[in-house]
Structures are given as C-alpha cells and as structure tokens.
Amino acid sequence: MDNGWDIFCKVVDNFGDAGVTWRLARQLAHEHGLQVRLWIDNLGAFTRLCPEADLHRAQQTLEGVLVCRWPEHWVDTPVASVVIEAFGCTLPAQYEAALANRLQPACWINLEYLSAEPWVGGCHGLPSMKSGGVRKFFFFPGFRPDTGGLLREQGLLEARDALQGSVKARTAFLNSVGVYPAGTACLVSLFAYENGGLGGWFDQMAAGPSSVHVLVPEGRVLASVQAWAGQTLTQGQPFTRGALQVQVLPFLSQPAYDQLLWACDFNAVRGEDSFVRAQWAARPLLWHIYQQDEYAHWEKLEAFLALYTQALPVAAAEALCAVWRAWNMDGDMSAAWAGLMPHWQVLAAHARNWCTELAARPDLATALVQFRRNSL
C-alpha cells in the first residue's frame, strides 16, 4: 500500500458515517486514480447503501474500492501511505503502532464531522503529535473557504441540471420508484429521525390550499409517519388526508437518493451525508441534526443557520429558522410551516445561489489529495 489510501469507518449514525466514507472512497478511486481500502465495522449498514455488496465477505472490490470488514480482532496488514481516521473512530492499536514504524512516514488524517461553527477554520489542517513521533492532522469538511469543502463528484451538478431541466427525465425517475404525482403537487422528500413535531407539520400540509406529496424512503421517521396516519403504511401505496398524500418508498441507493432530492421541491434530511446532498440539489431544505449529549448539536444547528441565512431577507431568514428550530427543538411545526409559505420563491432562489457559491470551491476529495501532496 505504498501509494494506497486506507479509510477507517465505525458506523454510529446508521448510514451517515458509512455514506460519507463510501462516497469519498469511490471518488478518490474514480477521479484521482488512487488505490483505496475502506475498512468498515458494520457491513449491514453498508449493504443498504451499496446493494451489490456481499454481507458475508471479509473483502470485496466494489466500484474500484477494496471494501474490508473491520474485524473485532485486528489482523496485521500493510499500512497505507495515507490513513484517514473518519470521525475520530480510533485506529486499531496494532495498525497505529505500525504507522510509527513505517520507513516512509504516512500521512495520518482525522476526518472530522461537518460543522459550520466559526472555530473550525482555525483548527483545519492542524497537526497533533502522537506516540512514536507520528503526526495526525485534523481535517474539517465545511462551508467556508478556510475548511476542506464538501464531497462533490465530477459531473454531479450537470446531472442534477439535466434532471431538473427536463419534465420527461424527472417524471421517468419518479415513475421508476413508483411515484406518480399530480402535476401541481409540491413534492417533499422526508428522511429523518423519529420526530414528535411531525404530526403538526403533516396536519398543516393536509389542511393547506395546495396539494403536497410527501415521499418517505424507508427509515426511522416512518414510525412517526405511521403514528400520524394511525395505521401501518404499505410501501408504494399513497395515503391521503386532505391536501396531503404520503407515500413510503423503499430504501434507495445513493445515486437514486440523489435523484430523489433533485426531483423534489423541498427536502427534509438528516445527519451529515443527506444534508450535504440536499444542498447540491439546490432546493429549500430542512435539516434534522443528529442529537448529541448536553444539546451540543444545537450550537452546530445555529452556526449553520447563521451562515446559510446571511444573504436572505430578514423575514425569510426568520421564517426558515423558525421551521428548523421547531423541527429540532420540539416546537410548533404547524405554525412554523405556515409562516414559511409566503417566502417560498425567495428560499428557492436562495438555495440555488447557495449551491453555486459552495460549488465554486474545491471539493473534499480534491482538497484531501492536495493536502497529501503538500505534506510530502
């Protein structure tokens, strides 16, 4: 592995950690021609994102990446020249010891969680000296120029524009996942954790003057959706109440989920991976942030809102913040959603402008490759 990259991932948030590292591994292999191994401790979560993966194989090559089960009892393996410790997952002790004994020093990177907090830029790229004289660098994805950027594959935005710019292409995708919306319906995707505020939000949409079609890929929020409906919902069969139609979809692969985000008019997402993908969709969005102890996630939520709403008119910014806070802080989603409606067109234009601004900066994979080159 003298020219290889090892990426280590422990699955914490079901699909977010696996989703980020799998996208990164693929991009490093496809676009930068690198030899990449992805070590992952939960192949069950991984196979949901990559259905062609074999749950029972310890090693398998998928889309140019060697995907390896991270065993409970580590077996000695050659150390790569670049080692990415995703989200502070802690390397196997034997592997870390081998890093210190490597003849040619390896580049050891701790890929941190995504945050818009201002302090992140000051810590991005800083080293920490570990035992054996090995340096570990802290690498922060982010939304500001002083961070490592966001995952964005070549051609992603062009593919998005092709689908969003063609009624035929958009309709063909939706039909391929069993969705046949009314022509005037507002399409909303919903991928979230369980949420007590969902009932008020759905009631508001059901009572509204315009038809709304909510698409719910299989996941944790389904329990809240079914509690609101008062019944078990069958995948693929729409449930209607008032102006609202709710439809449960199968769990989608990453490419199909991207297309779902592009096809919808509003996207409610969770965690980190889908949060970033929703921003590339250039549509108004709602983020269900992963909860942390002592409400530390609220600071991250507010930091992003402060950054994201800077260019919005005050009234639109306040309306958007009200929805995000209600969704994440057990507020009144009914009132917040009603307050958002008058600002819909402004928020739609802002989402596209925000995406364009982010896309003008280097993507995360490219930034990591350049960081490696600079470290030599």
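**Note on the predicted model: a buried strand, its sheet and the aromatic pairs**

1. In this predicted model, five of the five residues of strand 13 (residues 266–270) are buried, so the strand is largely enclosed by the rest of the structure. Its side chains divide between two directions, with Phe266, Ala268 and Arg270 pointing one way and Asn267 and Val269 the other way, and all of them are buried.

2. Strand 13 has pairing partners in strand 9 and strand 14. With strand 9 it pairs in the parallel sense over three bridges, and within that pairing asparagine 267 is the bridge partner of serine 189. With strand 14 it again pairs in the parallel sense, over four bridges, and here arginine 270 of strand 13 has histidine 288 of strand 14 as its bridge partner.

3. Strand 9 (residues 186–190) carries the sheet onward, since four bridges join it to strand 10 (residues 212–217), and these two strands run parallel. Serine 189, already named as the bridge partner of asparagine 267 in strand 13, stands opposite leucine 215 in strand 10. As general background, strands of a sheet pair through backbone hydrogen bonds, either parallel or antiparallel.

4. Which order do the strands take in the sheet as a whole? The sheet is open, has six strands in the order 11-12-10-9-13-14, and shows mixed pairing. Strand 11 (239–241) and strand 14 (285–288) stand at the edges with a single partner strand each, so one side of each is left without a neighbour in the sheet. On average, and with direction ignored, neighbouring strands of this sheet are turned by 15° against each other.

5. Turning to the aromatic residues, one cluster is formed by Trp201, Phe202, Trp228, Phe239, Phe266, Trp327, Trp337 and Trp344. Phe266 of this cluster is also one of the buried residues of strand 13 noted above.

6. The count of aromatic pairs comes to 34. Among them, tryptophan 74 and tyrosine 95 form an edge-to-face pair, with 5.9 Å centre to centre and 90° between the planes. This pair links distant parts of the chain, for tryptophan 74 lies in the loop between strand 4 (65–69) and strand 5 (82–86), while tyrosine 95 lies in helix 3 (residues 93–101), 21 residues apart. Is tryptophan 74 buried or exposed? Its relative accessible area is 11%, so tryptophan 74 is buried, and tyrosine 95 is likewise buried, with a relative accessible area of 1%.

7. Phenylalanine 87 and tyrosine 113 form an aromatic pair that is stacked, with 4.5 Å centre to centre and 15° between the planes. Phenylalanine 87 lies in the loop between strand 5 and helix 3, and tyrosine 113 in the loop between strand 6 (107–111) and helix 4 (120–123), so the pair ties together parts that are 26 residues apart in sequence. Phenylalanine 87 is buried, with a relative accessible area of 9%, whereas tyrosine 113 counts as partly exposed at 33% relative accessibility.

8. Two further residues may be worth inspecting in the model. Glutamine 27, placed in helix 1 (residues 16–32), counts as buried at 2% relative accessibility; leaving aside its neighbours within four places in sequence, glutamine 27 is in contact with His32, Leu151, Arg152, Glu153, Asp363 and Ala365. Glutamate 357, found in helix 14 (residues 344–359), is partly exposed, with a relative accessible area of 42%. The C-alpha atom of glutamate 357 is separated by 31 Å from that of glycine 64, and these residues are 293 residues apart along the chain.

9. For the chain as a whole, there are 15 helices and 14 strands. The radius of gyration is 21 Å, close to the 21 Å that the globule rule gives for 376 residues, so the chain is as compact as a globular protein of that length. Its C-alpha atoms fill a box of roughly 70 × 45 × 40 Å, taken along the principal axes.

10. Burial and contacts complete the overall description. Buried residues make up 56% of the 376 residues in the chain, and the chain exposes about 15,900 Å², of which carbon and sulfur atoms supply 52%. Of the contacts in the chain with a separation of 6 or more, 68% are accounted for by residues 24 or more positions apart.

How values were computed: Residues are numbered from 1 along each chain as its sequence is written. This is a predicted model: local features need pLDDT of at least 70, side-chain atom pairs count only at pLDDT 80 or more; totals for chains, interfaces and linings use all residues. Side-chain values use heavy atoms; hydrogens and water are left out. Two strands pair if DSSP finds at least two bridges between them. Axes are lines fitted to C-alpha atoms, for helices over the stretch in contact, and angles run from 0 to 180 degrees between N-to-C directions. The radius of gyration is taken over C-alpha atoms; the globule rule is 2.2 Å times the number of residues to the power 0.38. Buried means under 20% relative accessible area, exposed over 50%, partly exposed in between (1.4 Å probe, protein chains only). Contact means heavy atoms within 4.5 Å. Accessible areas come from the Shrake-Rupley method with a 1.4 Å probe; for residues, only the protein chains shown count as cover. Rings of Phe, Tyr and Trp (its six-membered ring) pair if their centres lie within 6.5 Å; planes under 30 degrees apart count as stacked, over 60 as edge-to-face and the rest as tilted.
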